[in-house]
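This report describes how the parts of one protein model pack together. Look through the sequence and the structure before reading on.

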Amino acid sequence: MTDPDEDLLRFVGSSFSSVWALELLLVLKKAGRPYLPGELVSVLRASELVVSNASDSLIAAGFVSIDDHGVRYLPVNDEIAEKVERIEMLYGVRPNSVRRAIISSASSGATAFADAFKLRKDR
């Protein structure tokens, strides 16, 4: 039997492109209102590029939505909403584990991408 936290951490690693994306999601969830990108830059103390990339990844994952009023926490279904609740609780008690899940997933993808460009010696 697998640890439910480990299953959730695997979901976190596959769903978040960066820790910034998770932080942005939690800000939107807590606020319960849309934020304009400029507001998110101020709230997160991040660059426009970081906010834009994080927003795009959260939209693609079905966590948030965007319209003329800004970016808003709006999960595509109840299952995603429940997972976000669990992620928020886990992040509150095991933040380093959650961060490591995101970073290790992102770095393994970058390593695979880099490996694709390595030159191989012909024998």
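Leaving aside its neighbours within four places in sequence, which residues is Ile 80 in contact with? In this predicted model, they are Phe 11, Gly 62, Phe 63 and Pro 75. The report starts from this residue and its partner Phe 63, and then turns to the helices.

## Overall make-up

The protein has six helices and two strands. Their order along the sequence is α-α-α-α-β-β-α-α. Of the 123 residues in the protein, 33% are buried. The accessible surface amounts to about 8,000 Å², and 55% of it belongs to carbon and sulfur atoms. Among contacts with a separation of 6 or more, 64% join residues 24 or more positions apart.

## Ile 80 and Phe 63

Ile 80 is part of helix H5. Is Ile 80 buried or exposed? Ile 80 counts as buried because its relative accessibility is 11%, and buried means under 20%.

Phe 63 belongs to no helix or strand of its own; its place is in the loop between H4 and strand E1 (64–67). The relative accessible area of Phe 63 is 0%, so this residue is buried. Not counting residues up to four places away in sequence, Phe 63 touches Phe 11, Ser 15, Phe 16, Leu 25, Leu 58, Tyr 73, Leu 74, Pro 75, Ile 80 and Val 84. Two of these partners can be placed by distance. Ile 80 is 17 residues from Phe 63 in sequence, with 7.1 Å between their C-alpha atoms. Pro 75 is twelve residues from Phe 63 in sequence, with 4.3 Å from C-alpha to C-alpha. Phe 11 and Pro 75 appear among the contacts of Ile 80 and also among those of Phe 63.

## Three helix pairs

Two packed helices are described by the angle between their axes and the distance between the axes. The table gives these values for three pairs.

| Helix pair | Axis distance | Axis angle |
|---|---|---|
| H2 (residues 19–31) and H5 (residues 78–93) | within 11 Å | roughly 110° |
| H2 and H3 (residues 37–44) | 11 Å | about 110° |
| H1 (residues 4–15) and H5 | within 11 Å | roughly 110° |

How do these angles translate into words? An angle of 65 to 115 degrees counts as roughly perpendicular. The axes of H2 and H5 cross at roughly 110°, which means that H2 is roughly perpendicular to H5. H2 and H3 pack at an angle of about 110°, so H2 is roughly perpendicular to H3. The axes of H1 and H5 cross at roughly 110°, and therefore H1 is roughly perpendicular to H5.

The contact of H2 with H5 involves Val 19, Leu 22, Glu 23, Leu 25, Leu 26 and Lys 29 on the H2 side, and Val 84, Glu 85, Ile 87, Glu 88 and Tyr 91 on the H5 side. Sorted by class, these are seven nonpolar, no polar and four charged residues. The crossing of H2 with H5 is left-handed.

Where H2 meets H3, the residues from H2 are Trp 20, Glu 23, Leu 24, Val 27 and Leu 28, and those from H3 are Leu 40, Val 43 and Leu 44. This contact has seven nonpolar, no polar and one charged residue. Glu 23 of H2 takes part in the contact with H5 and in the contact with H3.

H1 brings Pro 4, Asp 5, Leu 8, Leu 9, Phe 11 and Val 12 to its contact with H5, where they meet Ile 80, Lys 83, Arg 86, Ile 87 and Leu 90. The classes here are eight nonpolar, no polar and three charged. Ile 80 and Phe 11, named earlier as a contact, are both in this list.

## Two further residues

Ser 57 lies in helix H4 (residues 48–61). Ser 57 is buried because its relative accessible area is 18%, and the cut-off is under 20%. Beyond its neighbours within four places in sequence, Ser 57 is in contact with Ser 17 and Ala 21.

Arg 45 is found in the loop between H3 and H4. Most residues other than glycine have a negative phi. Arg 45 is not a glycine, yet its phi is positive, about 55°. With a relative accessibility of 75%, Arg 45 counts as exposed.

Notes:
Residues numbered from 1 in each chain as written. Predicted model: local features only at pLDDT ≥ 70, side-chain atom pairs only at ≥ 80, totals over all residues. Heavy atoms only, no water. Axes fitted to C-alpha atoms, helices over the stretch in contact; angles between N-to-C directions. Helix = DSSP H or I, 4+ residues; strand = E, 2+ residues; numbered from the N terminus. Parallel < 35°, antiparallel > 145°, perpendicular 65-115°, else oblique. Left-handed = near helix turned anticlockwise from the far one by under 90°. Contact = heavy atoms within 4.5 Å. Nonpolar A, V, L, I, M, F, W, Y, C, P; charged D, E, K, R; others polar. Buried < 20%, exposed > 50% of the residue type's maximum accessible area, 1.4 Å probe, protein only. Areas by Shrake-Rupley, 256 points an atom, 1.4 Å probe, with all protein chains shown as cover.
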